[in-house]
Each structure stands twice: as structure tokens, then as C-alpha cells.
Amino acid sequence: MRDRLTHPPLEKPSKTYLQLTPLVLIAFSSVFFSRVLTLFKVPGVVNLVHLGFIPLVVIITLTKSRVKDRRQIRIIKRLAIACSLFLWINVLSAFLNDAGLINAALNFLFFGEHFLMIMAIIALPLTLEKFCLLRAFIVGSSFINILFAYAQQYIFQLHTQVGLEDNIKGVFIGGGAGHVIGASVALIFSIYYFTDAKKIPIWFRAAVVLAAFWHMNMADAKQVLLAMAMAGCALIILKFKSFVEAIKFLGGGTMFGYAFWWCTQNLEAFDAFNTWMRPEIYGPDGEATLLKAAALRVIPAHYTDVWHPWLGLGPGHTVGRLGGWMLREYESLLRPLGSTEHPVVAEVWG
């Protein structure tokens, strides 16, 4: 796409195009900044608005956009096929398990909404100017997320209040897993910024990576680092075709790992990571093993039909984001729409 964006087209952008770009940016903001609105006493239901707004924006973008680039069209088609398949799996699982259709719709959106958002962005017939605008908006939003975390830690000292370090959530305020989401967004953005913003001095890009890493440490979102390390290893194994390039990344990862290990053993600020290093919590009867594997023990006990190992107990009927807490948190809104729950949720959390 970058080759095509090197020179803006000679034709004047159409009115439809000028309307679509801000619409997509508003859709992005409806996800990224919705929880910030709760600071201004906006009702919590605003956090669900994006679930209806983004699919609408995707439909409008796909029908109004006039994309002609074959690569863009090919990517959009593949995303559309994958999302459609996942949607029908959710509907089929809901039908076979007597779950509400609202369960299927919400579960699909929780897992697939970001792919819909990507589809809308790809469908924009971007000029160089509009591409830079879109990129600047997303980069700026990511910086705001990191700045929010530092303000929460050092100005408002939210980590000293009820909830302790889990209160450092960036712009994802009020969410039960907001500290994990905020840290994930910060780290992923910092890696992208370090590798992509070639015109920015390397010391500044490195500072952004360190700031994002410290954001993760302040939020005590240790699982984010583990997940990214595993993803990085998988990326090296599956994607890199150059042995020299893979060695460079492995070398850099090894150096980072050693430096990180030294920090956990010598700096008080990294003490939280030592909770991973207690062998007694990992054995067959260890606290961590029993807690994290509870769902794997309890849920299969409720499998009674041949499709259960393949389609589960129904969307929202186990302990994911939907069944774990969303259905209860928004029960007054979702129950009239036909939402359903399953007793296995109480068994797992019990």
C-alpha cells in the first residue's frame, strides 16, 4: 500500500471519500475513548455503543467506498469470509445450546470487532494526505493512553486506592481488565512505533518503548509480557525467511531477557514479577494450577452432546468476557433482549 501512497492521485477525492474518513475515525474513538466519557458522568451504557456503531460503519464504508486496488479488495474479501464463518459458528452454537441470539451477536463482536474495524480502514481509498491523518490520529491516541497511565500513577496515585495497581488502566478506565488492555495497547504500539517511525530519532523511539514497558509494570499486567514473548517466538519461527534476520531478533530478545531477569532480582520496582517464580504454585496441586485450570476441569463436565467439544456450551455460557461478567454487569439491558446464562459460570468462579 505504501508504494501506492507515495504520490497522491491527480483526481480530486470524491465527496463520499471525504465523509468516510472522519466516520471511521469516530468509530475508532467509540472503542478507544468510550470509557473516558465515564469521567464526565456519562452512563456506563456508552461502553456498548461501539458494538452497534462499528458494524454500521463497516457496512457504510464497504457500500460507499470505491476501492480499485486489487490487493485491498483481496484482503477485504478474506476478512469478510473469515468474519462470516465465525458469525455462523456463533449462531449455530447458540441454536444448538438454546442460547440467546443476543449472546451470539455480542460474542461475535467481542472477538471480531477489531477485524471489522480493520476491514473498514482497508476499504478507504486513501490518498497520502488522508493516510497520514489516519496514522497520526491512531498514534496520537496511543500516546494519550500512555500519558493517562502515568497521570493515574504519579498524579492521582490511583494505585493506592481500592483495587491497588489494577487501577492503572490508561484510557480504558473502569473496565475489569482495563489494566491488561491498556498495557497491551501501549506495548504493541511502542513496538510498531519503534520499527515504523524511521524519521524519528532512535533515542525517542527507544524512550517510547521504555515508557510503554513501565506502563505495563505500573499496571501489574505481567501476563501481557508473557503473551508477547510467546507471540514473538511464534513470529520468528513462522514468518522470518532470513536466518540472519532471525538471529538478530533472537539476540535482541536474549539480551532483553537477561536485562529483565537482572531487574527482577535486583530492583524493588520489579518485585511483582517474582510471583511467577514460586515453584510451589505450579505443581499438580499448586494454587496457580488449580485456579487457572478450573475452567478446563469444570466446563467439560457439562458436555453431554457430540457437538459440545466442537461448538462449546453456547456463546456467553462459559467464562469468557461475555459469560464471565458482561451478562451480569449489563443484565438490566441485555435480559429484555433475550440474553441467557449457564450454571457452569457460577461453578467455575465458586
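**Exercise 1.** Which residue's side chain meets that of Asp196 in a salt bridge? Work out where the two partners sit and how accessible each one is.

*Solution.* Keep in mind that this is a predicted model.

Step 1: look around the Asp196 side chain. You'll find Arg135, with N to O at 3.0 Å, and the pair forms a salt bridge.

Step 2: place the partners. Arg135 belongs to helix H6 (residues 128–155) and Asp196 to helix H7, so the contact joins distant parts of the chain, 61 residues apart.

Step 3: check accessibility. Asp196 has a relative accessible area of 17%, so it falls under the 20% cut-off and counts as buried. Arg135, at 25%, is partly exposed.

**Exercise 2.** Take helix H7 and compare its span with the expected one, then list its buried residues.

*Solution.* Step 1: H7 covers residues 178–196, which is 19 residues. From first C-alpha to last it reaches 26 Å, close to the expected 27 Å.

Step 2: pick out the buried positions. Among them are Gly178, His179, Val180, Leu187, Phe189, Tyr193 and our friend Asp196.

**Exercise 3.** Which residues are linked with Arg335 in a network of salt bridges?

*Solution.* Step 1: start at Arg335 and find Glu331, whose closest N and O atoms are 3.3 Å apart in a salt bridge.

Step 2: Arg335 also meets Glu341 in a salt bridge, at 3.2 Å. That gives you the network of Glu331, Arg335 and Glu341.

Step 3: add accessibility. Arg335 is partly exposed at 37%, Glu331 is partly exposed at 36%, and Glu341 is partly exposed at 36%.

Technical notes: Residues are numbered from 1 along each chain as its sequence is written. This is a predicted model: local features need pLDDT of at least 70, side-chain atom pairs count only at pLDDT 80 or more; totals for chains, interfaces and linings use all residues. Side-chain values use heavy atoms; hydrogens and water are left out. Helices (H or I, at least four residues) and strands (E, at least two) are DSSP runs, numbered from the N terminus. The expected span of a helix is 1.5 Å times one less than its number of residues. Buried means under 20% relative accessible area, exposed over 50%, partly exposed in between (1.4 Å probe, protein chains only). A salt bridge is a side-chain nitrogen of Lys or Arg within 4 Å of a carboxyl oxygen of Asp or Glu.
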